[in-house]
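Work through the exercises below with the structure in view. Try each task before reading its solution.

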Amino acid sequence: MKAQVNGVDRELADDATVAAVIDLLAIPTGGIAVALDDAVVPRSEWGTTYVPDGGRVEILTATQGG
């Protein structure tokens with residue numbers, strides 16, 4: 001299936017979870033937030049939240065300063 005991750009189209013497994021997407025991209029999990037189709041996904045639900053076909057995942061990194 002296809003999904004958009006940070007604005008880039010990607011081919012993902014049909015049962016891809018938010019956690020699987022983060023693992024796939026090898027993104028360190030400290031200081032990040034994830035939104036799926038414009039809704040924030042709590043960290044506790046990353047492993048059980050499935051990315052739907054055509055879904056949009058945004059992975060945001062916290063930075064210091066303004």
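**Exercise 1. Count the helices and strands of the chain, then give their order from the N terminus.**

Solution. Start with the count: the chain has one helix and five strands. Keep in mind that this is a predicted model. Next, walk from the N terminus. The order is β-β-α-β-β-β.

**Exercise 2. Compare the radius of gyration of the chain with that of a compact globule.**

Solution. Take the length first: the chain has 66 residues, and a compact globule of that length would have a radius of gyration near 11 Å. Now take the chain itself. Its value is 11 Å, which agrees. For the outline, use the principal axes: the C-alpha atoms fill a box of roughly 40 × 25 × 20 Å.

**Exercise 3. Describe the burial, the surface and the charges of the chain.**

Solution. Begin inside. Buried residues account for 30% of the 66 residues. Go to the surface next. The accessible surface is about 4200 Å², and 51% of it belongs to carbon and sulfur atoms. Finish with the charges. There are 4 positive and 10 negative ones, and their mean positions lie 6 Å apart.

**Exercise 4. Find what share of the contacts between residues at least 6 apart in sequence joins residues at least 24 apart.**

Solution. Set aside pairs that are closer than 6 in sequence. Of the contacts that remain, 53% join residues at least 24 apart.

**Exercise 5. Which residues of helix α1 are buried, and why do they count as lying on the same side?**

Solution. Step one: locate α1 at residues 18-25. Step two: apply the cut-off, where buried means under 20% relative accessible area. V18, V21 and I22 are buried. Step three: check the arc. These residues cover only 100 degrees around the axis, so they sit on the same side of α1. The general rule helps here: an α-helix has 3.6 residues a turn, so residues three or four places apart point the same way. Step four: turn to the other side of α1, where D23 and L24 are exposed. Step five: look for the cover. The buried residues of α1 are covered by elements including β1 (2-5), β3 (32-36), β4 (39-41) and β5 (56-61).

**Exercise 6. Where do N6, D38 and A26, each with a positive phi, lie?**

Solution. Take N6 first. N6 is not a glycine, yet its phi is positive, about 50 degrees. N6 sits in the loop between β1 and β2 (8-11). With 38% relative accessibility, N6 is partly exposed. Take D38 next. D38 is not a glycine either, and its phi is about 70 degrees. D38 belongs to the loop between β3 and β4. Its relative accessible area is 63%, so D38 is exposed. Last comes A26. A26 follows just after α1, with a positive phi of about 55 degrees.

**Exercise 7. Place R43 and list what R43 touches beyond four places in sequence.**

Solution. R43 is in the loop between β4 and β5. R43 has a relative accessible area of 44%, so it is partly exposed. Leave out residues up to four places away: R43 then touches T29, G31 and I32. Now follow the chain for twelve residues to G55. The C-alpha atoms of R43 and G55 are 18 Å apart.

**Exercise 8. How far apart are V8 and E58 in sequence and in space?**

Solution. V8 lies in strand β2. V8 is partly exposed, at 42% relative accessibility. In sequence, V8 and E58 are 50 residues apart. In space, the C-alpha to C-alpha distance between V8 and E58 is 10.0 Å.

Technical notes:
Residues numbered from 1 in each chain as written. Predicted model: local features only at pLDDT ≥ 70, side-chain atom pairs only at ≥ 80, totals over all residues. Heavy atoms only, no water. Helix = DSSP H or I, 4+ residues; strand = E, 2+ residues; numbered from the N terminus. Rg over C-alpha atoms; globule rule 2.2 N^0.38 Å. Buried < 20%, exposed > 50% of the residue type's maximum accessible area, 1.4 Å probe, protein only. Contact = heavy atoms within 4.5 Å. Areas by Shrake-Rupley, 256 points an atom, 1.4 Å probe, with all protein chains shown as cover. Lys, Arg positive; Asp, Glu negative; His and termini not counted. Charge placed at Lys NZ, Arg CZ, Asp CG, Glu CD. Arc of directions from axis to C-beta.
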